[in-house]
Amino acid sequence: MSPIPSPSSGPAASADAAASPLPPAPVIRLLLCDDHAVVRAGLRALLASTDGIEVVGEAGSGEEALAMAARLRPDVVLMDLQLGEGMDGVTATRRLVSGDQPAPRVLVLTMFDTDADITRAIEAGATGYLLKAERPEELFAAIRNAASGRTALSAPVADRVLARMRSPRPALSERERDILRQLARGLGNREIARALFISEATVKTHLGRIYGKLGVETRAGAVAVATERRLLP
């Protein structure tokens, strides 16, 4: 007598196994960091409209984001750059990604798209850089990309990054390079003047030229762009 096939064997069972649904993707744990409570509330409401993303906490400062990330262990931190008084978003990003492993991914969400801001955030370790003018679908996709370790950039930001990569390195004079090196050390105008045996007025003149060549407006921006373009030793 032929054996009776068991219910768990045969073509029908194979078809049932093939048709079984895949396990759901893990929910992305997200921490919001923005110093405006209204913005955080709007983001929380917006993110509640999509599946697979859970807001596990809200921080109003960089210091609060660090403390909450250590406690909540989010997968992604949605980080504003300007956070009022105290630690800014770039410093908070650097601290978050260099902390105890596994470190969260940091996705910058900001209104600012200057070369200096983009460079500083990426240098600090941000996985992505998104502008607040983006459509909700773009935000959702960027969060999912960041959680997977993929770079997420707003189209205008990506255009600026590519333009910088394609543009020739700015021609800085040897004196301007000297001043940049002193800037990178954190020296002020008076200290730079003393170190290089020039006047403070001369330092200010050279700084104006450096800012213009690098397309920045601040000392920190000049150092960030110079570092990113390998203009410093």
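Let me begin in the middle of the fold, with helix H10, whose buried residues are covered by a set of elements that includes helix H8 (174-184), helix H9 (189-196) and H11. Please keep in mind throughout that this is a predicted model.

Staying with H10, which runs over residues 200-214, the length is a useful check, because at 1.5 Å a residue its 15 residues should span 21 Å, and the end C-alpha atoms are indeed 21 Å apart, which agrees. The residues of this helix that are buried are Val203, His206, Leu207, Ile210, Tyr211 and Leu214. They cover an arc of only 145° around the axis, and therefore they sit on the same side of H10. If you turn to the other side of H10, you will find Ala201, Lys204 and Gly212, which are exposed. Just after the helix comes glycine 215, with a positive phi of about 70°.

Going back to the loop between H9 and H10, we come to phenylalanine 197, which has a positive phi of about 60° although it is not a glycine. Is phenylalanine 197 buried or exposed? Its relative accessible area is 78%, and because the cut-off for exposed is over 50%, phenylalanine 197 counts as exposed.

Next, H11, which I have already named as part of the cover over H10, also packs against helix H5. Here H5 covers residues 115-124 and H11 covers residues 219-228, and the two pack at an angle of about 65°, with their axes 9 Å apart. The crossing in which H5 passes H11 is left-handed. On the H5 side the contact is made by Ala116, Thr119, Arg120 and Glu123, while H11 contributes Ala220, Gly221, Ala224, Val225 and Glu228. Sorted by class, that contact has four nonpolar, two polar and three charged residues.

Let me now move to an earlier part of the chain, to helix H3, where the buried residues are Gly62, Ala65, Leu66, Met68, Ala69 and Leu72. The elements covering them include strand E1 (28-33), strand E2 (53-59), E3 and helix H4 (89-97). H3 is followed by arginine 73, which lies in the loop between helix H3 (62-72) and strand E3 (76-79). Arginine 73 has a positive phi of about 50°, although it is not a glycine. How exposed is arginine 73? Its relative accessibility is 43%, so it counts as partly exposed.

In the loop between helix H1 (11-19) and E1 we find valine 27, which counts as partly exposed because its relative accessibility is 43%. Which residues does valine 27 touch, if we do not count those up to four places away in sequence? They are Gly52, Ile53, Glu54 and Asp75. Taking one of these, isoleucine 53, we see that it is 26 residues from valine 27 in sequence, whereas the two are 5.5 Å apart in space, C-alpha to C-alpha.

I will finish with the chain as a whole, which has 11 helices and six strands. Of its 233 residues, 41% are buried. Finally, if we take the contacts between residues at least 6 apart in sequence, 62% of them join residues at least 24 apart.

Key. Residues are numbered from 1 along each chain as its sequence is written. This is a predicted model: local features need pLDDT of at least 70, side-chain atom pairs count only at pLDDT 80 or more; totals for chains, interfaces and linings use all residues. Side-chain values use heavy atoms; hydrogens and water are left out. Axes are lines fitted to C-alpha atoms, for helices over the stretch in contact, and angles run from 0 to 180 degrees between N-to-C directions. Helices (H or I, at least four residues) and strands (E, at least two) are DSSP runs, numbered from the N terminus. A crossing is left-handed if the near helix is turned anticlockwise from the far one by less than a right angle, and right-handed if clockwise. Contact means heavy atoms within 4.5 Å. Ala, Val, Leu, Ile, Met, Phe, Trp, Tyr, Cys and Pro count as nonpolar, Asp, Glu, Lys and Arg as charged, and the others, Gly among them, as polar. The expected span of a helix is 1.5 Å times one less than its number of residues. Buried means under 20% relative accessible area, exposed over 50%, partly exposed in between (1.4 Å probe, protein chains only). The arc is that of the directions from the helix axis to the C-beta atoms.
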